[in-house]
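I opened the notebook to go through this structure feature by feature. These are my entries, in the order I looked things up.

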Protein chains: 2
Amino acid sequence: MANWKNFDSLNSYKKLQDCECVELSKVMSGSEGAERVKNYSVPMACGMNYNFAAKEVNDEILGLLQELADEAECIGKYEELYNGAVINTGENRLVLHQLTRGQLGNDVIADGVNKREFYLNEQKRIADFANKVHSGEISNAAGEKFTTVVQIGIGGSDLGPRAMYLALEGWAKTNNKFKMEAQFISNVDPDDASAVLKKIDLAHSLFILVSKSGTTLETLTNQSFVMDALKKEGLDPAKHMIAVTSETSPLAKSDDYLEAFYMDDYIGGRYSSTSGVGGAVLSLAFGPEVFAEFLDGAADEDALAKNKDIRKNPALIDALIGVYERNMLGYPSTAVLPYSQALSRFPAHLQQMDMESNGKSVNRFGEAVAYPTGPIIFGEPGTNGQHSFYQLLHQGTDIIPLQFVGYKNSQYENDVVSEGSTSQKKLNANVVAQIVAFACGKKDENKNKEFDGNRPSSIIIGEKLTPKSLGALLAHFENKVMFQGFVWNLNSFDQEGVQLGKVLAKKVLAHETDGALAEFAKIFDI
Amino acid sequence: MANWKNFDSLNSYKKLQDCECVELSKVMSGSEGAERVKNYSVPMACGMNYNFAAKEVNDEILGLLQELADEAECIGKYEELYNGAVINTGENRLVLHQLTRGQLGNDVIADGVNKREFYLNEQKRIADFANKVHSGEISNAAGEKFTTVVQIGIGGSDLGPRAMYLALEGWAKTNNKFKMEAQFISNVDPDDASAVLKKIDLAHSLFILVSKSGTTLETLTNQSFVMDALKKEGLDPAKHMIAVTSETSPLAKSDDYLEAFYMDDYIGGRYSSTSGVGGAVLSLAFGPEVFAEFLDGAADEDALAKNKDIRKNPALIDALIGVYERNMLGYPSTAVLPYSQALSRFPAHLQQMDMESNGKSVNRFGEAVAYPTGPIIFGEPGTNGQHSFYQLLHQGTDIIPLQFVGYKNSQYENDVVSEGSTSQKKLNANVVAQIVAFACGKKDENKNKEFDGNRPSSIIIGEKLTPKSLGALLAHFENKVMFQGFVWNLNSFDQEGVQLGKVLAKKVLAHETDGALAEFAKIFDI
């Protein structure tokens, strides 16, 4: 059994505090910089690499981070997790999202069921269903094929699947794997559902209702909205809807759905892209074999995360450098900057995954911690970000660590040469230029044109964004966040911070309010 | 002439440092909280209100903020700006975006031209052009109407216009003002243009090339991309493209375009939504009279910003409270959280507007400042955010000030009643619940379920998101950022921080690199 201790009670915490900082602009210059780029790199799955040359670390600090990984028992805790320990202590739950894509350790038997078999069986059921939709065996009342799939879900039932769909849409269209267009309805704002319903052909649309508990207010409300619209068109909602939920939810085994697919309480919403939550929509949009490749990539990356050597474990070293930046260097945020338009909503997914997992002030035992935990995560694709908030990143008064992602090749394989280079080369020239600009800066007599440098970044470099490499990228960040939670001694798998707002919103709707809340409700005529 | 002084040299800076902090959870409870909601509100244009009841201020602090506004000569500087002073000193330029939507002071004559007349004339030319496109007088080679407009631009030529288009799409569709679908190509990533071109009907698409200088790498590259695609379809690019640029740019008066519309150097990219940069695409998408309403709303809000009394000047008080939070309370970021799906990309636009304007470490005279300036800006629409990063906002170790926006009515006027309330009521119940949850928190014996509260927020409350109220909302934030720049003694209107990356990217493409940059370029096979 692993020992769960607060970060600041570890010996390596003190040692990290006492060790000398790296002057990034110096070490990234000249031949030393070139050597760092070559050496400070960890292989990932699918031929990707995590390069941390431009992070404020050196061999001494890396040695201490290895000590920290060992002392915090990061790998031991990971082993316990994938072997089925109750890691989500607050909710008394196992944490099994890695098991949706591979078997890392022993069989996990819970509630009398072999969980790997359960997840595989649901994948197979989804695959069969998707194939039947694609072949037309399952069709609308008029016997016509469905052309559009609409996911109704919020939070983890929306952000991850939506980001993954957008990430693979171009690849699928280029590789003849595009089966159905996907749309997403998430917000309880009626304008969200209205806008989507205006865009689609209802008679040929299949809706996926996604809610683990079957009680999510926004999702059930949007279900009513959609059912209403279907009925108004003379369509039978039960012939246009499937559900992804837990077997114990009110949505399971209901006549309201063509079919229901199951997940369970051991898959947190923000970790559910590789479960049926992502599986149904992605299998319908791109075919089950594309979803299977995505899972394979994630499984390969999960396996790398078992390595005790931080130089061979990209998620672990990424996590530890992040902790070092947060707790020793005092940086409160991280920007995620993919140089790939297909990853346009990937930062929004990471924002949930990271901030909802580690945005906590008490440790696993419910005691306040005395150190900062999860950072703010935000980001937009480069080069768009360059023409937006990079001004502050380069010359603002605060330092913001950066996480770049880039690929050698585009997805659509469609490009144009202008001024002697393709767009893809221009894109990549920009990302490498930014890394060095942030690290090294530039002196100038005009201080307004001076760049201090010393702004750290890492980059994940891949050949191409494919289903498999996307799976690996996703798993990398999931495991990074998990390892950071281990070091900070948090339960990264609950989210009690979302409860109070829900409770108060119900009171407002029931007119059970006083004080400020009643006054605000009055302004809104609620 | 106004005096430009560093913030920390002002008397009010010292006084604000010395004054006692407000305990938000206390003052927002009970009848005191109710009183604050009623009193701490400033009217905006279009019937909106800026409510700051849940900010960490009281009458004493507000008095000092008024002193600060006076001492920093915020209104005097605004007057100089709209009367045509060279406020953008680094680039030796006037700052005239307010003049695109109204005349606040004296005539501004620059380069021998009455600038208000120049902007009005371009608006009229755009309106005439848009009307001819809508009537079919201007059509494609086959004499058929254009159905789609595609903006090619990046940064300010993309984020603002895109956010405004999305903000009004639902309103236009509901109010019979929807003329043409708009798409946007921004990223130099070839997959961005490929994805958009795959979606549209080229033969019926009109492209707007937007670049003030006419030299923006990404935009010119994407122009080549689009011209290539048009030619491959046997279409004449010159019959499918217009330009929005400055009169001195290489794009002006070129045969490559059906028509060119002009802006000038006095409109910064991030402030250009009310110039031709937003005007062309919005007039084509929704009609010139919708764009005119949008300008009217902005003009009304600009007029409010002239008020010296901070209790009657919503942008100014918002700005000052933000400065207080940044410099006295030490909060490094702000989340923008619109409870309106139509504002889905409004936070991304504010991110540029704010971070590119005030993300600076030197004052207007090129001297380093000793205080933090522009914060990190990020955000997503509520209720989506609630199911994402709100966990950290409620229970994380750092405090993040929040800026909510909400409307009493939806845009599509299409709603459903479930469990006794409409979706719109549920949406609004959530935003008011969040304000109080963040401010007041909740005690709990289980510390994992405890909420400390004391997390400040403000809210802008409107009747409905319309062209006019959107204009007012936009101008509010533009003026807020301007006032903060005045207090911090920054030049908020240049962006030298974007230059170094551009220079290095060119070197990479020219293979003129060594050290780390050469190694990274090698990895990417550039």
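**Loop before α14.** I started with T383(B), which lies in the loop between β11 (376-378) and α14 (390-395) of chain B. This is a predicted model. G382(B) and T383(B) are joined by a cis peptide bond, with omega about 5°. I then turned to chain A. There, G382(A) and T383(A) are linked by a cis peptide bond too, and omega is about 10°. T383(A) sits in the loop between β11 (376-378) and α14 (390-395) of chain A. I noted the cis bonds because most peptide bonds are trans.

**Positive phi.** Most residues other than glycine have a negative phi. I looked for exceptions. N454(A) is not a glycine, yet its phi is positive, about 60°. I found N454(A) in the loop between α15 (423-440) and β15 (457-462) of chain A. Its relative accessibility is 22%, so N454(A) counts as partly exposed. H511(A), also not a glycine, has a positive phi of about 55°. The loop between α17 (499-509) and α18 (515-523) of chain A holds H511(A). H511(A) counts as exposed because its relative accessibility is 57%, and the cut-off for exposed is over 50%.

**The α15-β15 loop in chain B.** I placed E445(B) in the loop between α15 (423-440) and β15 (457-462) of chain B. E445(B) is exposed, at 81% relative accessibility. I also checked its distance to L166(B): the C-alpha atoms of E445(B) and L166(B) are 45 Å apart, with the two positions 279 residues apart along the chain.

**How the chains relate.** I superposed chain A on chain B. The rotation is 180°, the shift along the axis is 0.0 Å, and the RMSD is 0.0 Å. That is the relation of a two-fold axis. In chain A, F378(A) has the C-alpha nearest the axis, at 3.2 Å. Both copies use the same surface, as 100% of the contact residues of chain A recur in chain B.

**Aromatics.** F378(A) came up again. It belongs to one aromatic cluster with Y339(A), F389(A), Y390(A), F404(A) and F438(A). Over all chains I have 42 aromatic pairs. Y50(A) and F52(A) are stacked, because their ring centres are 6.0 Å apart and their planes meet at 20°; under 30 degrees counts as stacked. Y50(A) is buried at 0% relative accessible area. F52(A) is buried as well, at 0% relative accessibility. F291(A) and F294(A) make a tilted pair, 5.9 Å centre to centre with 40° between the planes. They are 3 residues apart in helix α11 (residues 288-304) of chain A, so about one helical turn separates them. F291(A) is buried at 6% relative accessible area, and F294(A) is buried at 1%.

**Charges over rings.** The charged end of R364(A) sits over the ring of W4(A), 3.8 Å from its centre. The charged end of K173(A) sits over the ring of F178(A), 4.9 Å from its centre.

**Core and α16.** Which residues have the most contacts inside the largest nonpolar core? They are L65(A), F483(A), L65(B) and F483(B), in a core of 364 residues. I listed contacts of F483(B) beyond four places in sequence; among them are C74(B), Y78(B), A305(B) and L316(B). Helix α16 (residues 467-488) of chain B has 22 residues and reaches 32 Å from first C-alpha to last, close to the expected 32 Å. Of its 22 residues, 21 are buried, and α16(B) is mostly covered. Just after α16(B), N489(B) takes a positive phi of about 65°.

Key. Residues are numbered from 1 along each chain as its sequence is written. Chains are lettered from A and ligands numbered from 1 in the order in which they are written. This is a predicted model: local features need pLDDT of at least 70, side-chain atom pairs count only at pLDDT 80 or more; totals for chains, interfaces and linings use all residues. Side-chain values use heavy atoms; hydrogens and water are left out. Helices (H or I, at least four residues) and strands (E, at least two) are DSSP runs, numbered from the N terminus. Buried means under 20% relative accessible area, exposed over 50%, partly exposed in between (1.4 Å probe, protein chains only). Rings of Phe, Tyr and Trp (its six-membered ring) pair if their centres lie within 6.5 Å; planes under 30 degrees apart count as stacked, over 60 as edge-to-face and the rest as tilted. A charge sits over a ring if NZ of Lys or CZ of Arg is within 6 Å of the ring centre and within 35 degrees of the ring normal. A nonpolar core is a set of buried Ala, Val, Leu, Ile, Met, Phe, Trp, Tyr and Cys residues joined through side-chain atoms within 4.5 Å. Contact means heavy atoms within 4.5 Å. The expected span of a helix is 1.5 Å times one less than its number of residues. Copies are superposed by least squares on the C-alpha atoms of residues with pLDDT of at least 70 in both.
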